Structure formats: structure tokens, C-alpha cells
Amino acid sequence: MAKKKTGGAITIATWNVNSVRRMADALRHFTGQQAPDVIAMQETKVMDELFPRELFNELGYTHQAVAGQKMHHGVAIVSRVPFERSEALSWCGKQDKRHVSVTLPGNVELHNFYVPSGGDIPDPKLNEKFDHKLRFLDEMIAWSKRRRKMGVRAVLVGDLNIAPHENDVWSHKQLLKVVSHTPVETEAMARLYEAGAWVDAVRHIIPADKKLYSWWSYRSPDWDAADKGRRLDHVWVTPDLKTGVTHAAVERTMRGHSPASDHVPVMVKLETGA
DNA sequence: ATGGTGGGTACCCCA
């Protein structure tokens with residue numbers, strides 16, 4: 001029997017593209033260079049009817065699960081390998097498109113999330129957006145506990161809009177009161193991590209003492225030299241998949257591509273046993 | 001302490 005193209009391994013990328021239609025050229029470049037099997041995108045900013053299916057067909061990503069809306073949010077998973085089912089869940093009783101999932105070969109669920117960014121003021125009483133972010137995380141915690149009890153093999157990816165550790169930000173001290181790195185957020189993320197027994201696949205490969213970012217603000221001139229980044233984009237796996245994680249990379253060069261998203265792709269190679 | 005840039009859309013919201 002012919003061996004599968006993936007050889008039992010699958011490469012998954014997560015990327016907040018900040019408008020999928022505008023990023024066609026960047027997506028061509030990225031897939032030409034890295035050719036991940038699966039791309040999970042956030043902030044596609046397009047209704048499903050207008051999603052650029054043909055672009056991804058051309059690039060070989062003919063399997064597509066989209067959950068978009070006009071203007072804001074929107075997530076999608078495109079794949080070179082077939083997936084079995086897809087589902088888009090609603091969170092916090094809102095219609096925001098912030099989740100889509102598929103079941104990959106090897107019976108591995110892939111969940112793609114776009115967590116609310118949380119606005120500017122890190123106080124849920126003064127800022128409804130921050131309150132929404134914390135409630136969204138609470139729902140993810142309850143959801144993770146249920147999945148864990150069910151024993152689901154899963155990969156959780158996405159723009160989680162939190163940089164959890166000191167070396168996930170350019171300055172731990174200077175960002176303690178900045179939304180994305182406040183203790184209330186990093187503690188919520190720690191609870192989420194615990195609730196699902198998640199393993200940070202990227203930090204499993206890249207040591208925790210190494211500075212690592214996936215996002216650089218548009219507002220910072222000379223992003224590369226200043227390097228005031230944050231690691232907001234994550235790939236987590238359930239414990240049974242931990243030893244299967246053999247490679248992880250952050251595609252920093254895509255931040256310098258024109259046009260650029262303010263986020264870059266984060267990739268993991270995973271042995272699924274498929 | 002402030003304002004800095006960018007996307008989508010429609011003269012302003014969101015990141």
C-alpha cells in the first residue's frame with residue numbers, strides 16, 4: 001500500500017490574517033515556502049459567500065471550513081488533507097464568528113479560535129470588551145473540562161489574544177497593565193490550560209527562556225528593529241499528542257511581507273498515527 | 001502621557 005503523503009505527520013499553521021481577501025499574495029508566498037497541510041485562519045473579515053475559495057483551491061487547499069461574517073472576526077480552516085466533519089460553535093450567546101473545528105485524519109479534532117481582544121482598559125466593570133474576553137475564556141474553560149472528560153484527541157489553535165509568559169512579551173514589567181498580558185488574563189489562561197490538560201506545542205519545542213513573538217503592532221515604526229512583540233497565537237495539543245510534536249516555528253518573515261498582517265503564522269508538525 | 005497604523009466600510013468602528 002502506498003504511503004500517505006503526510007507519512008502520518010501533519011503540519012498545521014495558525015494565522016490571524018487580518019482580512020483573507022487582502023492577503024492573497026502573502027498566502028501564496030507563505031504556502032509556496034512552507035506548504036503546511038492545514039491552515040487555520042482568524043480575522044478573515046468576509047462573509048462565507050465571498051470567501052476566496054478559488055485561491056485556496058489553486059494552492060491545493062481544496063478542503064475548506066469557513067465561518068465568516070461581514071467586516072469583523074471570522075475564522076476558517078483550509079486543508080490539503082480531507083477532514084471528516086466541521087462545526088462552528090457560538091460563544092457568550094453572541095453571533096460573532098470566533099470558532100470553527102474539523103476532524104482530521106487520525107481522529108484528531110482541530111479547534112480554531114479567535115478570542116476577543118478585550119479593548120484597552122483591563123477592567124471588566126469599566127470595559128465591556130474586557131468583560132467579554134474574560135467570559136469567553138470562562139466558557140472555553142468549561143468546554144475544555146467537558147472535552148477532557150470525554151477523552152477527545154485534539155489540537156487547539158488560534159489567536160488567543162493573550163501572551164501568557166514573561167518571554168512571550170518584549171517587556172514583562174511594562175506590559176503587566178496592558179491588555180493581553182495582565183495577571184487576570186494570564187491567570188485565566190493558566191486555568192484554561194489546566195482545565196483541558198493542554199500542552200503548549202510551540203513551547204514544547206522552543207524553550208521557555210527564549211523570547212518568542214507572533215504579533216507586532218502596526219503602530220510601532222520599524223517593528224523588526226524595535227521588536228516590541230507579543231506571542232498571542234498558540235498551538236496546544238492534548239497530552240496523548242505531546243510526544244508527536246516534532247517541530248514548531250514562527251514565520252517572522254511574513255511580518256515584513258507586503259501586505260502584512262500584524263500577526264505571523266505559527267506552525268507545528270505533529271505525528272498523528274494516521 | 002500620548003499617539004502612533006492599518007482594515008473594512010461608509011464617514012466611524014475595530015484591532
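Let me begin with Asn-167, which, beyond the residues up to four places away in sequence, touches Arg-203, Ala-208, Asp-209, Lys-210, Lys-211, Leu-212 and Tyr-213. I should say at once that we are looking at a predicted model. Asn-167 sits in the loop that runs between strand S8, residues 154-159, and helix H4, residues 172-175. One of these neighbours is also a polar partner: a polar atom of the Asn-167 side chain lies 2.9 Å from the backbone oxygen of Ala-208.

Arg-203, which Asn-167 touches, takes us to the second largest pocket, since Arg-203 is among the residues that line that pocket. The others in this lining are Pro-164, His-165, Thr-186, Met-189, Ala-190, Tyr-193, Val-199, Asp-200, His-204 and Trp-236. Two or more lining residues come from each of helix H5 (183-195), strand S9 (199-200) and helix H6 (201-205). Helix H5 makes the greatest contribution, with four residues. The space in this pocket is about 180 Å³, and its lining is made up of six nonpolar, three polar and two charged residues.

The largest pocket holds about 890 Å³ of space. Its lining comprises 32 residues, and those nearest its centre are Ser-117, Gly-119, Asp-120, Asn-161 and Trp-215. Helix H3, residues 128-150, gives the most to this lining, with four residues. By class, the lining has eight nonpolar, 12 polar and 12 charged residues.

I turn now to Asp-233, in strand S12, which covers residues 233-237. Is Asp-233 buried or exposed? Its relative accessible area is 1%, under the 20% limit, and Asp-233 is therefore classed as buried. Two polar contacts engage its side chain: one with the side chain of Ser-214, at 2.6 Å, and one with the side chain of His-263, at 2.8 Å. Setting aside neighbours within four places in sequence, the contacts of Asp-233 also include Asn-16, Gln-42, Gly-158, Asp-159 and Val-266. As for Met-23, 210 residues away along the chain, its C-alpha atom is separated from that of Asp-233 by 18 Å.

Let us move to the nucleic acid. Which residues surround DNA strand B? They are Asn-18, Ser-19, Arg-21, Arg-22, Lys-70, Met-71, His-72, Tyr-114, Ser-117, Lys-129, Tyr-218 and Arg-219. Of the atoms of DNA strand B that come within 4 Å of the protein, 66% belong to sugar and phosphate. The surface near the strand has three nonpolar, four polar and five charged residues. Ser-117 appears in this set and also among the residues nearest the centre of the largest pocket.

Three polar approaches illustrate how the protein meets distinct parts of DNA strand B. At the phosphate, an N or O atom in the side chain of Arg-22 is 2.2 Å from an oxygen. At a sugar or linking oxygen, the partner is a backbone N or O atom of Tyr-218, 3.1 Å away. At a base nitrogen, a polar side-chain atom of Arg-219 lies at 2.5 Å.

Finally, the cavities. How many cavities of 30 Å³ or more does a search of the whole structure find? The search finds two. The second largest of them contains about 30 Å³ of space and is lined by Trp-91, Lys-94, Asp-96, Arg-98, His-132 and Phe-136. By class, that lining has two nonpolar, one polar and three charged residues.

Note on methods
Residues numbered from 1 in each chain as written. Chains lettered and ligands numbered in written order. Predicted model: local features only at pLDDT ≥ 70, side-chain atom pairs only at ≥ 80, totals over all residues. Heavy atoms only, no water. 1 Å grid on protein atoms, 1.4 Å probe; cavity = no way out; pocket = protein on both sides within 12 Å on 5 of 7 lines; lining within 4 Å. Points joined across faces, edges and corners; volume = space filled by probe spheres on them. Nonpolar A, V, L, I, M, F, W, Y, C, P; charged D, E, K, R; others polar. Near = heavy atom within 4 Å. Polar contact = N/O pair within 3.5 Å; in protein donor to acceptor, adjacent residues only side chain to side chain. Buried < 20%, exposed > 50% of the residue type's maximum accessible area, 1.4 Å probe, protein only. Contact = heavy atoms within 4.5 Å.
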